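The following exercises concern the structure shown below. Attempt each task before reading its solution.

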Amino acid sequence: MVESDGLQDVVFEKPSAEDGSDIWALIRACAPLDENSMYCNLIQCDHFADTCILARRGDALVGWISGYVLPDAPDTLFVWQVAVSPEARGLGLGGRMLDQLLSRDDLAAVRKLQTTITRDNGASWGLFRSLAERHGGALSDEPHFRKDDHFDGAHATEHLVTIRFPASVTRAA
């Protein structure tokens, strides 16, 4: 799907294995995002294309969301990572990618979205609060991966954010 209101001809797509290295490069350009290995990004594209999305403007990759449906909760999409290139920030691209992703037939059974966010990541809190508001969802959070228990004090606590969508909501993009 193509949109062109401030993001000049952005195309949203499912990734393919050939996109793995470009996604890896995008994430590296989006500090302070945690970098995974290029192989990890390749596997995400190859095995989880139905639950991931990328955004292109021309030949440039400007956005990426990786996610997967929880194996023990088929109604829950876990969003692993959201990356928006510096030149596309502030234009609502993250929200558009989430809306496009949630509108897929592949995710019709999703009624909850989860992600983890550190307290100081204002951009991510804003993104997911806005998503909940747009879709009439209820957002809650609680500490999940704790600084001292899980990160040996080297990383801030990650809060598990859960958005419960109303059963009646049709998430059309």
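**Exercise 1. Determine in which order the elements of the chain run from the N terminus on.**

Solution. Step 1: the elements are identified as DSSP runs, numbered from the N terminus, where a helix (H or I) has at least four residues and a strand (E) at least two. Step 2: read from the N terminus, the order is β-β-α-α-β-β-β-α-β-α-β-α-β. Step 3: the chain has five helices and eight strands.

The model is predicted, so local features need pLDDT of at least 70 and side-chain atom pairs count only at pLDDT 80 or more, whereas totals for chains, interfaces and linings use all residues. Residues are numbered from 1 along each chain as its sequence is written, and side-chain values use heavy atoms, with hydrogens and water left out.

**Exercise 2. Describe how H1 and H2 pack.**

Solution. Step 1: the axes of H1 and H2 are 8 Å apart, and the angle is about 125 degrees; axes are lines fitted to C-alpha atoms, for helices over the stretch in contact, and angles run from 0 to 180 degrees between N-to-C directions.
Step 2: H1 and H2 are therefore oblique to each other (under 35 degrees is roughly parallel, over 145 roughly antiparallel, 65 to 115 roughly perpendicular, and the rest oblique).
Step 3: the crossing of H1 past H2 is right-handed, meaning that the near helix is turned clockwise from the far one by less than a right angle.
Step 4: H1 contributes Gly 20, Ser 21, Ile 23, Trp 24 and Ile 27 to the contact, and H2 contributes Met 38, Asn 41, Leu 42 and Cys 45; contact means heavy atoms within 4.5 Å.
Step 5: by class, the contact of H1 with H2 has six nonpolar, three polar and no charged residues (Ala, Val, Leu, Ile, Met, Phe, Trp, Tyr, Cys and Pro are nonpolar, Asp, Glu, Lys and Arg charged, and the others, Gly among them, polar).

**Exercise 3. Carry out the analysis for H3 and H4.**

Solution. Step 1: H3 (residues 93-102) and H4 (residues 122-134) pack at about 50 degrees, with axes 10 Å apart. Step 2: that angle makes H3 oblique to H4. Step 3: H3 and H4 cross in a right-handed manner. Step 4: the contact involves Gly 94, Gly 95, Leu 98, Asp 99 and Leu 102 of H3, together with Leu 127, Phe 128, Leu 131 and Arg 134 of H4. Step 5: the contact of H3 with H4 divides into five nonpolar, two polar and two charged residues.

**Exercise 4. State how many salt bridges the structure holds, and examine those of Asp 50 and Arg 119.**

Solution. Step 1: side chains of opposite charge can pair when their charged atoms come close. Step 2: there are seven salt bridges, each being a side-chain nitrogen of Lys or Arg within 4 Å of a carboxyl oxygen of Asp or Glu.
Step 3: in the pair of Asp 50 and Lys 14, the closest N and O atoms are 2.8 Å apart. Asp 50 lies in the loop between H2 (38-47) and S3 (53-57), and Lys 14 in the loop between S2 (10-13) and H1 (20-28), so the pair ties together parts 36 residues apart in sequence.
Step 4: Arg 119 and Asp 141 also meet in a salt bridge, at 2.8 Å from N to O. Arg 119 is in the loop between S6 (112-118) and H4, while Asp 141 is in S7 (residues 138-145), so this pair joins parts 22 residues apart in sequence.
Step 5: Asp 50 is partly exposed at 37% relative accessibility (buried is under 20% relative accessible area, exposed over 50%, and partly exposed in between, with a 1.4 Å probe and protein chains only). Arg 119 is partly exposed at 47%.
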